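Me: Could you take a close look at a single part of this protein, its largest nonpolar core, and set it in the context of the whole chain? I would like a careful, connected account.

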Amino acid sequence: MLMTSSSSLPSTTNFPSDPSGLERHELEETYLALRGNYRGAMIARGRFRGQAQKGRETMIALEQKLRLIAEREASVRAEAYEMLEIVTNVVGELEDAGDDLVNEFGLYQKGRTTYQGGGFIGRLIKAIARFIRRWTGTKQQLQQILDRQASMQNILEGSDGQDR
């Protein structure tokens with residue numbers, strides 16, 4: 001007549017709407033069935049609450065981990081863009097210095113045959129001096145790149161490796 005399993009609840013139609021007509025034995029049986037089903041419902045509710053709480057805690061931990069990864073990635077990305085800007089500047093400086101040398105040397109070679117090499121030699125020497133200044137400056141910028149590269153490597157090695 002009544003289901004007593006805690007895994008599924010019986011329909012309300014299984015229980016009399018008016019208990020006054022029930023005999024003591026049927027009333028006790030109905031009460032025990034109701035109590036058993038209520039107990040099962042409370043156990044299931046507790047399990048659900050526990051799983052829901054565990055799920056919330058897991059989501060909070062995941063969110064924190066994702067935020068840390070995003071922050072680290074943003075800092076690494078910013079470092080990479082800064083390094084790219086330095087490299088671009090270094091290449092541009094070297095390109096300009098090289099162009100100056102090539103142009104002045106070309107003018108010197110043309111002027112040499114007309115014995116008017118004095119002015120061209122002076123400009124060639126100036127181009128060499130500019131190249132040396134730029135070369136020295138780019139070597140300093142290169143050291144900045146190497147320092148930042150080491151810093152980025154330390155940041156990446158500091159991670160647990162599971163989030164890359």
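Reply: What follows goes from the model as a whole to the core and then to a patch on the surface. The model is predicted, with a mean pLDDT of 78 for the protein and 85% of its residues at 70 or more. Over residues 1–6, however, the pLDDT is below 50, and this stretch has 15 contacts in the model beyond near neighbours in sequence.

The protein has two helices and zero strands, and of its 164 residues 17% count as buried. Among contacts with a separation of 6 or more, 69% are between residues 24 or more positions apart.

Against that background, the largest nonpolar core consists of six residues, namely Val76, Met83, Ile86, Val90, Ile145 and Met152. Helix H1, which covers 24–112, and helix H2 are the elements that each give two or more residues to this core, and H1 provides the largest share, with four residues. Looking at one member in detail, and leaving aside residues up to four places away in sequence, Met152 touches Val76 and Met83, and also Glu79 and Ala80.

Turning from the core to the outside, the protein exposes about 12600 Å², of which carbon and sulfur atoms supply 56%. A nonpolar surface patch of about 350 Å² is formed by Ile121, Ile125, Ile128 and Ile132, and Ile125 has its place in helix H2, which spans residues 117–158.

Conventions: Residues are numbered from 1 along each chain as its sequence is written. This is a predicted model: local features need pLDDT of at least 70, side-chain atom pairs count only at pLDDT 80 or more; totals for chains, interfaces and linings use all residues. Side-chain values use heavy atoms; hydrogens and water are left out. pLDDT is the predictor's confidence in each residue, from 0 to 100. Contact means heavy atoms within 4.5 Å. Buried means under 20% relative accessible area, exposed over 50%, partly exposed in between (1.4 Å probe, protein chains only). Accessible areas come from the Shrake-Rupley method with a 1.4 Å probe; for residues, only the protein chains shown count as cover. Patches are made of residues with over 30% relative accessible area and no salt bridge: like charges are joined within 9 Å, nonpolar side chains (Val, Leu, Ile, Met, Phe, Trp, Tyr) within 5 Å. A salt bridge is a side-chain nitrogen of Lys or Arg within 4 Å of a carboxyl oxygen of Asp or Glu. A nonpolar core is a set of buried Ala, Val, Leu, Ile, Met, Phe, Trp, Tyr and Cys residues joined through side-chain atoms within 4.5 Å.
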